[in-house]
Every structure is written in structure tokens, then in C-alpha cells.
Amino acid sequence: MPINKIKERISAILNENDDHLDALIITDDANLTYVTGVQLQLLASIPYLSVILFWSKNNRTLICPSALASTYTSQGWKENLIIYAECADPQGAAIAHLLQMIQTEFKGRGNLGYIGESLSGKTLSQLTEALPNSNFMDISDSWIRLREIKTEEEIDNLSEAAKLTDHGIAGAIHHLSTLQSKTEKFLTEDIRVHSLERGIHIGGYDAVSQAVPGEKADRLWPNAPAFGIGTGFTYNQDTFVRLEMLGIYNNYRSNDSRILYTGVLNQMQMDFFSKIKDLRTYACSVINPGIAASKVYENILSKSKELGINVLNELGFGHGIGIEPVEPPYISAADDGIIAENMTLILKFAFRYLHGEILVTKDTLIVKPDGCQIVGRYQNWDIPYQTAYTF
Amino acid sequence: MNETRINNLLKEKNGVQGLVFKSPSHIGYLTNVLFPYPDQSPFNIGLVTSAGKAVLIIPAEWKGVAEDQNWSDDILYYTINEGSPSEAFCKAINKTIIKLNLNGKAIAVDYPSWTVAEINRANILFQNSQWSDCDKTIRQSRMKKDQAEVDLLHQAAVIADRGIIGALNHAEGTIGNAEYTLVEFLERVRVHAIEFGSSGIGHLNVSMGKQGRVWFTPVRDFSLLENGKFLRVVYTQEFHGYWNLCNRTFFIGLPRYSDDSAYRLHQNLISLCLKELRAGIKISDFCSEVIQHAKALKVELFNENEFGHGIGLSEVEWPLLTIDNPESFQAGMVIVLDIISLGPNEELIQSTETILIEENGYQRLSDFRDWDDLYCIVGCRTTH
């Protein structure tokens, strides 16, 4: 079932709107996960499994194909369920049930909220055509804000996800030594397996890892079209390796990136990473409730110039994290959204090092009343992990 | 860019001067370029084509990905410094339409892929142009596969089964006295599919015993494989963008007569249904035959409305093998036959077959091995 606080907050959205929403319509996988508490990653890839949630003051109904009915009930969905038989036009079948419900409950009228950022334009056209007397209202702004501010339980899940993943990366890299290399594919697998061993929940699709070494790290996604798989490439001595993992814990995501060096860092390298540490410390000092995300971006960019770090500012300096590994707000030049207490953010620095390799560090932050706090760090990553010579 | 496919589409949509796509699988079909988990990503990709020119619209995060796959036409990168991923993407779409002189012209669009917000933001496309929906046209084109696609789908089917066999080999020997968790088993499926050449894993699911009554059951603990139970894996994986759905049922330890018999009947049903497959058969008629055969064999079906679907650059694509589908099978279609029956304790039994439809019959692409006998995970020695 949805986390109780979220349930209350969704009900509040129905009431807070000036025009008083009568009901909400939710159709996309991330928001369905948020509200039902049931994560089905495959909904994003398989639109034929059309699921619609209708949420009014008196009626919370999930419309789903028969194949998914037992999944939702066994995972704790205790509200109404309308099951449609699999057919050649599943979206049409799901929408037909929705229309019937709106006719029954509101006699084809009412103020109906939808999330324009995720609802298909075609679906909205079908609804407005069939219900000319209903008033459809895009509630994207208030919905995004709702998801940006996390409940205590969400923060716990996100902190745990960050902690388990970071521990998984640390566990995996202890299997690598300077003189005994292993393949990129092997280390990629080891990161995933070590995260699972520590309690990250198994996931498909983008719940993947990467362990990208120096010469291949000039792009964020090498090895096309086999992404997050790795190759038989073996690591050389004195090479930076970008380590990444997107994990899942109780539906909430981790988005972790660390750096490994196969050898011992020299003084110049130590000095460089000391500047990255300074940049992180500075960034954490400016992330406070009340500041605009774009202002945080500007400040970090300015500080990075002062420190002489070649940051890839085109990627921004981070974003929110929750049900999805990347979600609003964005620490970018364009996002004027205000940072608020109980947001969870990924603070990200991507920069090019001497040989063109892109190195990335990511930390999970929780915004507190008087600043922010890094969570989930298994160890001190202020300088890259340096491998031992032998085991 | 796959010019043949683009030209065929333009011919189908007579009078259209440009094409705009957002669906990653449609873009993969028209460009041969694939992206990292695009359906799960907050970032959109776009393709705009006109008069032999093509522009891929890609987030800065995916720089290099298209070039690595031999894309030599234009690329426009967008960044989140221009807006949210959706805003920045739509600005890039508008810019590209103007650049290719498509403003106000007749443009075909994969309309169902666009959200309400994107339709509002990509105003040069949706408000200034004469757009029409070409989603159905391209889905129909994608139903029939060429030989290169069939080869990729064949390879995907083989990799999927090899992934399962590799994981089963790890589980064997752990049943009598050692411990093997469901999560570890499922991860071994992924790892072995990758070792045998998979380009990416889709959904991953395993269920055991009573949990197997539910089609899809997320695993969130360290439960162990237990003797005397059915075990069922449901997963998808792709090879160079071409997917395979591989659902298989096994037994942990030695089955009782009722378990073995239920599985054999399931496989008998599949054999009978395969004989019905050939070009020209109406899909609804085929589905009715499945139901008739199940009744004759006294096999209880989980679902009498759907028995599989097409597969290709999407995990599920047309045709959908549903009882109400009036379309007919055509030579060149590749489908996954996914008949689900109930075991003695109402566990779901699945054993998918990936099939190429031919004029006079079919070719089995999931031919790494046959699964006619119930695969039993047995053994008590872990040192083999």
C-alpha cells in the first residue's frame, strides 16, 4: 500500500486546489509506483499493460489487465480493482472502464486532475472528447512539488538505498588489486552482486552498474549498444575507473558514482581531488532551504572556476532522487525551483581529467531545516579508492 | 539512418514532408541507433527527418552513443541548463523543425508517445504544422521482420535460454544441504545471459511454490530455494536491441506425479498449438483453437484471452495474440507464444516459444534446447 503520509498528501491535493479537484487520474509507471507502492518497472517498456489509477475522495480504483491483478493484490493493494480482459486494444479497454467510472460517480462532469508531464496527449484527447462536460486540469506543478518533498519513510528508504549501494561498490572494489586485474564485465557484475548481497532489491532495466576505465571513460555510456554490461577489457595499472550503480530499495532509488585508482595517487592527483572535496564542501554549504536550484548551480559553477576544476556543467550539478533515479529539482541554470526541507538530492560533479576521462562523484543529500546532510557514505570518498598491490 | 525504412514510411504516409519520432523503439527501427534504457530514463530522444536529412536529438548525458553506432547524420544535443529534460527536449524539437524548413508543413508524428506537456511545449510541431499520426503505420511495418531482424531475434532467444541454463547449473547441487537464495538465482540468470552475449536485461522475476500463483512477484528478501516446489522465471533480455521474452518453469528436487503430469500436459498443449501456426490464420481463430485444445487435454488456463504477442525492438509489440484480434498471421512475423496453465496447486506454468511465422508453418527460434520434460534442480554436492 502507499506510504500512509503520501495517501494523506494526495488527499490534500484534492482539497487544496482552488477549483477543488474531484478526482485524480494517474497513468504512468513512476507515479503508479508512488501511489500504489507496487513497483512494476516493466510498465514503462510495455504500454500494452495499460494501468490507470482513479483517485477521488470516496473511490480509489485501479484499472489493470487481468494478468496484473494478482500482482497488485498480493503486493498489498486493498482498494478497488477493475480488471479488464487482455484484448487487441488494451488502452481502449482501460479508458472505457475509466469513462464508465467517471460517468457513474460524477455523471460525466467534475473537475478531474491529471499529470500533464506524463499523461499521453492522445489519452487526454480521448477523455475530453468522451466527457465534454468534465473539466480537466493539469496538476503537474503541485504533483511535482509533492514528490520533491519526501516523507520521513521515503527519506529512510532513500538513505538505506544510498547506504547499501555505496557499501556494494566498496565491497566490489576490494576484489581488485593493482597487480591482478579483472575484466570490466566482471567488476560491473561484482558491483551489482555486492549491492544485492547487502540488501538492495533486485531490479531489471536501468538498475545497472558500470565500471568504466580511463581510456573508455571519455563518455558516460561506452560499449554501445550493450549498456551497463561491461566488456572483456582488463584494467591497467595507474588508471582511473568510474564506478556507478543505480539501485532499488523498497521502490526508492540510489544513484551512486565513485572513483577508483589502480595504484597510488601522486601529489598532483591528491591536490586535484582535494579541490573536488573543497567544491563539495562549498556546495553543501550553499544548499539550504529557500535558495533557488539555479542559484545553487551558479554558485557551484563560480566556485569550480575559482578552484580551476574543469567541470562538465552541461550535465548540471545534480537533481532530485526518489521513486526515479533522476527527478526534479535539477541543479541547473534553468531550474528556478526553491530548495526545501526534506528534499533528497544527488549532488553530482562530473569533470574531465587529464586524458579526457570523465570522472563522476555523486552523493545523496537530505535537505535539513538549516542546511543539508550527506547520507549513505560507506567510507570516505574524498580521494579516490586506491587499490592494494596484491591481496 | 535506415533510408529504406524511412522511404517506405514516407510512401505509406503519402504527402508528408517530414517525420518526427519520439518513441525509442521507432527511432531504433529507423536509425539502427539504440540508447541506454530510454524507456526508463527521464531524458527523451527525438528523430526529425526531411528530404534526405535527419537529425537525432539527444541529451548531453548520452554524447558519443550515436556516433559509436555509426550515426553520421546531424545530432543536436540538449542540456538541462535549457530547462527540465522535457522542456529542453521540446525546445530542440522546435529548433530542428525550423532548421529543416518543416515549419507549417505536413509532418507525420508518433502521436501516442507524446505527453500533454510535450505537445504544449513542442508548439512548432503541434500548433504550427499540419501533423498527422503515423504510429499505427510504423507499428504495422515493424510487425514483419527482415532476415537480419530474424537473425537477431534468434540469437536473443538462444542467449535467453543459455542464461537460464547457466543459472540452473549453479543451483544444482545446492538443494540437499547448501543454501541458494532466489535473488542470487535470479541474478545468475542475468549474469549468464550477459556472459552469453546479452546487450541488456529487461524485467526480471522469479517465483517459487505458492508465490507462483501470481504472474509477477517482486523478490525482496533472501528466501532460499526449497525442495519440492515449482520455480518459475519470467524475464526479458535483448541482443542489439532485439528482445526475447523467456518464461520457464522448473521443479526443485524430484516432482510428484501430479507436478510432472501438469507440466507434460502444458507442453503437449504447446505442441498442439504450434501445429496451428502459419500465415493466413486469423489470430482470433488461433486463440480459439488454443482454448479448444486445452479443454480436450483438461488443462486449466490462467488466461483465456491472450496467448502471446509480437516481439522485436520492443518487448511487446504487434500482433497481440488476443481472442478478439481479427488480424491474420503473416509470413515474417515473429511472435512469442506464451500460454499459461495452472499446476496442481494453481502455480502458473509457463514455457515460452519464440516463433517465426512462415507461409506454410513456422520456425522455432527458441531452439537452444527443448523443454518438453520438466527440468528438475537436483543434487547434493556443491563441488561439481
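In strand 14 of chain A, A:G371 sits opposite A:K368. That pairing is a handy way into this predicted model, and the briefing starts there. From chain A's strands we move on to chain B, its two domains, and the side it turns to chain A.

**Chain A: strands 12, 13 and 14**

- The A:K368 and A:G371 pair belongs to an antiparallel pairing of strand 13 with strand 14 (residues 371–375) of chain A, which counts 5 bridges.
- Between strand 13 and strand 14 of chain A there are 2 residues, and the connection is a hairpin.
- Strand 13 of chain A also pairs with strand 12 (residues 344–352) of chain A, running antiparallel to it over 9 bridges.
- One pair to look for here is A:I366 in strand 13 of chain A, which has A:T344 opposite.
- Strands 12 and 13 of chain A make a hairpin too, this one with 5 residues in between. Check A:G356 in that turn: its phi is positive, at about 90°.
- How much of strand 13 (residues 358–368) of chain A is covered? Mostly: 9 of its 11 residues are buried.

**Chain A: a mixed sheet**

- Chain A has an open sheet of 6 strands with mixed pairing, in the order 4-3-2-1-5-6.
- The edges belong to strand 4 (80–84) and strand 6 (135–138) of chain A; each has a single partner strand, so one side of each has no neighbour in the sheet.
- From one strand to the next, the twist averages 20° in this sheet.
- Strand 3 (residues 60–65) of chain A runs parallel to strand 4 of chain A, and 5 bridges join them.
- Within strand 4 of chain A, A:N80 is the residue opposite A:T61.

**Chain B: the overall picture**

- Chain B comes with 11 helices and 17 strands. Its radius of gyration is 23 Å, close to the 21 Å that the globule rule gives for 384 residues, so chain B is as compact as a globular protein of that length.
- Measuring along the principal axes, a box of roughly 70 × 45 × 35 Å holds the C-alpha atoms of chain B.
- Of the 384 residues in chain B, 56% are buried.
- Take the contacts in chain B between residues at least 6 apart in sequence: 71% of them join residues at least 24 apart.

**Chain B: an antiparallel sheet**

- Chain B has an open sheet of 5 strands, ordered 11-10-12-15-16, with antiparallel pairing.
- Which strands stand at the edges? They are strand 11 (317–322) and strand 16 (361–364) of chain B, each with a single partner strand, so one side of each is left without a neighbour in the sheet.
- The twist in this sheet averages 30° from one strand to the next.
- Strand 10 (residues 306–310) of chain B is joined to strand 11 of chain B by 3 bridges, in the antiparallel sense. B:E306 has B:T322 in strand 11 of chain B as its bridge partner.
- Helix 7 (residues 135–143) of chain B lies across strands 10 and 11 of chain B, at about 75° to strand 11.

**Chain B: two domains**

- Chain B splits into domain 1 (3–142) and domain 2 (144–377), with their C-alpha centres 34 Å apart.
- Contact between the domains involves 7 residues of domain 1 and 6 residues of domain 2 of chain B.
- Helix 2 (24–31) and helix 7 of chain B each put at least two residues into the side of domain 1 that touches domain 2.
- By class, that side of domain 1 of chain B has 2 nonpolar, 3 polar and 2 charged residues.

**Chain B: a look at B:I27**

- B:I27 is part of helix 2 of chain B.
- Is B:I27 buried or exposed? It counts as buried, because it has 23 C-beta neighbours inside 10 Å, and 20 or more is the cut-off.
- Leaving out residues up to four places away in sequence, B:I27 touches B:F21, B:I45 and B:L47.
- B:E304 is 277 residues from B:I27 along the chain, and their C-alpha atoms are 34 Å apart.

**Where chain B meets chain A**

- On the chain B side, 59 residues are in contact with 57 residues of chain A.
- Helix 3 (65–68), helix 5 (116–121), helix 9 (182–195), strand 7 (200–208) and strand 11 of chain B each contribute at least two residues to the side that touches chain A.
- That side of chain B has 27 nonpolar, 21 polar and 11 charged residues.

Key
Residues numbered from 1 in each chain as written. Chains lettered and ligands numbered in written order. Predicted model: local features only at pLDDT ≥ 70, side-chain atom pairs only at ≥ 80, totals over all residues. Helix = DSSP H or I, 4+ residues; strand = E, 2+ residues; numbered from the N terminus. Rg over C-alpha atoms; globule rule 2.2 N^0.38 Å. Buried ≥ 20, exposed ≤ 12 C-beta atoms within 10 Å, placed from the backbone. Contact = placed C-beta atoms within 7 Å. Pairing = 2+ DSSP bridges. Axes fitted to C-alpha atoms, helices over the stretch in contact; angles between N-to-C directions. Domains from an automatic or database assignment. Nonpolar A, V, L, I, M, F, W, Y, C, P; charged D, E, K, R; others polar.
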